[in-house]
Every structure is written in C-alpha cells, then in structure tokens.
Amino acid sequence: AIEVAAALGDVVAVDTFISEKKIFDFLALNHIELPEPSRNWKETYPEFVVINQMLATNFHNSMFTDEKTDGETMHLIVYVRLKPNLAPGYETDQEPQNAEELLKRFLLRADQEPDIAHCFKEIGVVRNLEELGAHLPSSLMSLFRKFNGKPVLTRPEHFFHRDPAGRYFGIDLDAHRYKYMTRTAVHKALGHVERVALGYGYVVEARKEPELPECMLCSCEILMLQKNRAVKFPPPPAGY
C-alpha cells in the first residue's frame, strides 16, 4: 500500500501520440511548446517534468528484450508543472527529511546517480473494475485485480533528459523493455483500453522513515482512452 498526501505537481496536459519507432525526449524535437513560464521562477529545479510512457502496440514475442527492441509505439505524455519554493533551504547532499526534499533531490540528481533514479515508480488504479467484468476476458480481469493500485518501479527502463535552458526535466519510460509477463499484460490491456477509467500517477519512493509519508509527484484520470485517436508523430512537413 502507498500512503498519499497532496500531489507536489499539477498535471497541465496529457498527450497521446503514435509513432513508427520509439521517440526519446519529445520536446527536443521542437514540435511541442510548454506553457508560458511562471514569472520570476528562480528555483534550482526545473518548473516542468515531462513524462513519456512508451507502450508497444505490437507484442514482442521474445522472452528477453533490450534497448534496441523497437516498433510502433503509443506515447502517453504527461506534462507536470511543479510548485515553487519546494523544500526551501534543502541542499541535495543532505539526507531528505520529507517528501518535498526527496523529490527535490530526485529532480536535481536522478540523471547522474542510479540509486536516486531507481526510486521512481508509477501507479495505476482501475476505477471501474467491477463494470469491466462484463466485457473483459477473465484472464485480464485477474491481472487487473492482482496489480490494481500497486506501485511499480520504472527501473531499468527509464531515461532522463535535462533541458539545456533549464525549463524541464524529461523522463522516458520504455515499455518495450518490460519483462515478458508485464509486456503480455500491457498488450492485453491496450486491446480494451477504451473501456477503462484509470487513475494514473507517479511518485518518488520513500526508503527511509524520515521520507514518509510518500507524496505523489502528480496524478490524473485517463478516461476511456481511444488508441485510434492518437495523433501520428512526428507531424508531416508544413504544406505536405
């Protein structure tokens, strides 16, 4: 179980894209603009976190995958605006004493230190589970019930990107590299995703008593996602 206080960041947008291959660090391609920055933002951490969950639309029928495993990909991108004045006075060489300090250390050091990066996890809660029972195969319902609401560490399938201008911290999650059973479950779920009401979020895992209670980085609801309405990416050249 995970104890949750108020979220430390606000979800300002969610995008869904389809691409022929995996795409890392979407914003670096300059097709997407972040909202206007807050006036007088002076924090040492970036104002935005951009999380790109890359889901394979076709099942990889192999027991093992690696970083070269690729193919058509559905990107679920969550844009999070962080609050100012997060953990004021905290220096990242200190041990975190609460959830704010834990997140601040993650934002400033996760791309440099694997031990810190490996604390990042995602959590999904299917909100209409009983309603789905009349429509979904029993095998998929069993998976939903078994893993519903349980946080999952994103390692080692995560990659980090830091905007040279300091506006955002990017996190790419490569589901092409999930373990075989996890890939099987994701593939089955994608076939019925348009029926699912999903509570979805991310958290930095607390590993020591002072870091508790855990506090969500962000959370949102994704209602009856339709794969066929995802926008093809990258967009065609102007005038095409």
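In which sense do strand β4 and β8 pair, and over how many bridges? Strand β4 (residues 120–126) and β8 pair in the antiparallel sense over seven bridges; two strands count as paired if DSSP finds at least two bridges between them. Strands (E, at least two residues) and helices (H or I, at least four) are DSSP runs, numbered from the N terminus. The model is predicted, and local features need pLDDT of at least 70, side-chain atom pairs count only at pLDDT 80 or more, and totals for chains, interfaces and linings use all residues. Residues are numbered from 1 along each chain as its sequence is written, and side-chain values use heavy atoms, with hydrogens and water left out.

Within the β4–β8 pairing, E122 stands opposite Y202 in β8. Both strands belong to an open sheet of four, ordered β5-β4-β8-β9 with antiparallel pairing. β5 (152–153) and β9 are the edge strands, each pairing on one side only.

The largest nonpolar core (buried Ala, Val, Leu, Ile, Met, Phe, Trp, Tyr and Cys residues joined through side-chain atoms within 4.5 Å; buried means under 20% relative accessible area with a 1.4 Å probe, protein chains only) has 42 residues. L103, F106, L107, I171 and L217 touch the most other members. The largest share of this core, six residues, comes from α1. Leaving aside residues up to four places away in sequence, L217 has contacts (heavy atoms within 4.5 Å) that include L103, F120 and Y202. A second, separate core of 12 residues includes F26, L34, V50 and I77.

D163 lies in the loop between β6 (158–162) and β7 (168–174). The side chain of D163 reaches the backbone nitrogen of R167 at 2.9 Å.

Key: A polar contact is a pair of N or O atoms within 3.5 Å; within protein, one must be able to donate a hydrogen and the other to accept it, and residues adjacent in sequence count only if both atoms are side-chain atoms. Buried means under 20% relative accessible area, exposed over 50%, partly exposed in between (1.4 Å probe, protein chains only).
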